[in-house]
Amino acid sequence: MLIIEGWLHFAPGEIEKFAEAARIMVEATHQEDGCLHYSFARDMNDPDILRIAERWTDEAALDAHLTSPHMAAFGAGLAQVERIGADIRLYNGDEVRRIM
C-alpha cells in the first residue's frame with residue numbers, strides 16, 4: 001500500500017475559490033481502481049490549509065490517478081489560485097497497523 005499525506009497552504013481567501021474543484025476531485029478519485037482512501041480537509045487551526053490523505057493499493061493505481069483527466073483539471077484549477085506553500089509526501093505502507 002502507498003500512503004500520501006500532506007498539505008497545501010493557500011493565500012487568505014483563495015481556498016474558497018478552489019473548494020468546488022477539490023470536491024469534484026475527491027468524488028472522481030473515489031471511483032478509481034486501487035483507491036483505498038482519498039480525502040481533503042481544512043485544518044482546524046488554519047482554514048487556509050487543506051490537508052490531504054490518500055491510500056492506494058499500488059504504484060500502478062497511483063500512476064493511473066496522476067495521469068487521469070480529473071487530475072489534469074484539478075491541476076489547472078490549482079494553478080488559478082495563490083498558494084503560500086505545500087508539503088506532500090509519499091510513504092510505503094508495507095508495515096501498517098491500526099492504532100485506534
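This passage describes the strand pairing, the nonpolar core and the salt bridges of a predicted model.

A good place to start is the sheet. Strands β1 and β3 pair in the antiparallel sense through eight bridges, with H9 standing opposite I49 of β3. On β2, F40 faces I52 in β3, and seven bridges join these two antiparallel strands. Six residues lie between β2 and β3, which form a hairpin.

The largest nonpolar core comprises 20 residues, and those with the most contacts inside it are F10, F18, Y38, F40, L50, W56 and L78. At least two core residues come from each of β1 (2–10), α1 (14–29), β2 (35–42), β3 (49–56), α2 (59–66) and α3 (69–78). Helix α1 gives the most, contributing five residues. Leaving aside residues up to four places away in sequence, F10 touches a mixed set of neighbours, including I15, F18, L50, L78, D48 and R83.

Turning to charged side chains, a search of the whole structure finds six salt bridges. In one of them, K17 meets E14, with the closest N and O atoms 2.6 Å apart. Both residues lie in helix α1, three residues apart, or about one turn of the helix. K17 counts as exposed at 59% relative accessibility, whereas E14 is buried at 10%.

Further along α1, R23 forms a salt bridge with E20 (2.7 Å, N to O) and another with E27, where the closest N and O atoms are 3.0 Å apart. R23 and E27 are separated by about one helical turn because they lie four residues apart in α1. Together, E20, R23 and E27 are linked in a salt-bridge network. Within this network, R23 is partly exposed at 41% relative accessible area, and E20 is partly exposed at 44%.

Terms used:
Residues are numbered from 1 along each chain as its sequence is written. This is a predicted model: local features need pLDDT of at least 70, side-chain atom pairs count only at pLDDT 80 or more; totals for chains, interfaces and linings use all residues. Side-chain values use heavy atoms; hydrogens and water are left out. A nonpolar core is a set of buried Ala, Val, Leu, Ile, Met, Phe, Trp, Tyr and Cys residues joined through side-chain atoms within 4.5 Å. Buried means under 20% relative accessible area, exposed over 50%, partly exposed in between (1.4 Å probe, protein chains only). Contact means heavy atoms within 4.5 Å. Two strands pair if DSSP finds at least two bridges between them. A salt bridge is a side-chain nitrogen of Lys or Arg within 4 Å of a carboxyl oxygen of Asp or Glu.
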